[in-house]
Amino acid sequence: QVQLVESGGGLVQAGDSLRLSCAASGRTDDNGAMGWFRQAPGKERVMLASISKSVTNYLTSVKERFAVSRDYARNRVFLIMNSLRPEDTAVYYCAADNLPVLSDARQVHFWGQGTQVTVSS
């Protein structure tokens with residue numbers, strides 16, 4: 001089992017930046033992917049960024065504003081979000097899996113509890 005704990009969410013204004021952190025513990029797999037999803041009210045959970053030793057992927061619509069990084073030594077993954085918009089308001093989830101890429105939320109085995117990000121206009 002893998003345990004994931006997110007931190008760094010909160011209430012910000014449009015145009016602000018925010019950094020989310022996720023600490024992983026348990027039977028982590030350095031060859032697997034970690035990343036970030038988000039889910040807005042009434043919408044599906046969507047992949048924002050996925051990072052592994054072989055590939056880094058982003059949701060196209062956030063690629064220019066969001067950056068994912070990973071600290072393999074400390075089992076942490078980060079998401080820096082710039083130029084935040086009200087439509088970025090959602091619960092943000094850290095995710096991990098043995099797969100090299102995260103894409104479909106239905107295929108992800110390990111989730112954090114989620115952290116709320118609210119962007120006011």
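# A tour of an all-strand chain

From the N terminus on, the elements of the protein chain run β-β-β-β-β-β-β-β-β-β-β, and what you have open in the viewer is a predicted model. If you colour the chain by secondary structure, you should find 11 strands and zero helices. The radius of gyration is 13 Å, close to the 14 Å that the globule rule gives for 121 residues, so the chain is as compact as a globular protein of that length.

**Start with the whole chain**

Before selecting any residue, turn the C-alpha trace about, and note that along its principal axes it spans about 40 × 25 × 25 Å. If you then show the surface, you are looking at an exposed area of about 6,400 Å², of which carbon and sulfur atoms supply 47%. Of the 121 residues, 40% count as buried. When contacts between residues at least 6 apart in sequence are considered, 57% of them join residues at least 24 apart.

**Select V2**

Next, go to V2, whose place is in strand β1. Is V2 buried or exposed? Its relative accessibility is 11%, and because buried means under 20%, V2 counts as buried. Leaving aside the neighbours within four places in sequence, V2 is in contact with S25, R27, T28 and F110, so that is a useful group to show as sticks around it. For a distance across the model, add F66, which is 64 residues from V2 along the chain, and you will find the two C-alpha atoms separated by 25 Å.

**Look inside, at the cavity**

Now make the surface transparent and look for the one cavity of 30 Å³ or more that the structure holds. This cavity has a volume of about 100 Å³. Of the 16 residues that line it, the closest to its centre are T28, D29, M34, R70 and A96, and you may recall T28 as one of the contacts of V2. The elements that give two or more residues to the lining are β1 (2–7), β4 (33–39) and β9. What kinds of residue make up the lining? They divide into seven nonpolar, four polar and five charged.

**Select L99**

From the cavity, move to L99, which lies in the loop between β9 (90–97) and β10 (110–111). With a relative accessibility of 36%, L99 counts as partly exposed. Which residues are in contact with L99, once its neighbours within four places in sequence are left aside? They are G32, A33 and Q107. Select G32 together with L99, and you will see that, although the two are 67 residues apart along the chain, their C-alpha atoms are separated by 5.1 Å.

**Finish with two loop residues, N75 and S83**

The last stop concerns the backbone angle phi, and here it helps to know that most residues other than glycine have a negative phi. Select N75, in the loop between β7 (66–71) and β8 (76–81), where phi is near 55 degrees, a positive value in a residue other than glycine. N75 is partly exposed, with a relative accessible area of 24%. Then follow the chain to S83, whose place is in the loop between β8 and β9. Phi of S83 is near 50 degrees, again a positive value in a residue other than glycine, and at 40% relative accessibility S83 counts as partly exposed.

Terms used
Residues are numbered from 1 along each chain as its sequence is written. This is a predicted model: local features need pLDDT of at least 70, side-chain atom pairs count only at pLDDT 80 or more; totals for chains, interfaces and linings use all residues. Side-chain values use heavy atoms; hydrogens and water are left out. Helices (H or I, at least four residues) and strands (E, at least two) are DSSP runs, numbered from the N terminus. Buried means under 20% relative accessible area, exposed over 50%, partly exposed in between (1.4 Å probe, protein chains only). Contact means heavy atoms within 4.5 Å. On a 1 Å grid over the protein atoms alone, a cavity is a set of points where a 1.4 Å probe fits but cannot get out, and a pocket is an open set with protein on both sides within 12 Å along at least five of seven lines; lining residues have an atom within 4 Å of a point. Grid points are joined across faces, edges and corners, and a volume is the space filled by probe spheres set on the points. Ala, Val, Leu, Ile, Met, Phe, Trp, Tyr, Cys and Pro count as nonpolar, Asp, Glu, Lys and Arg as charged, and the others, Gly among them, as polar. The radius of gyration is taken over C-alpha atoms; the globule rule is 2.2 Å times the number of residues to the power 0.38. Accessible areas come from the Shrake-Rupley method with a 1.4 Å probe; for residues, only the protein chains shown count as cover.
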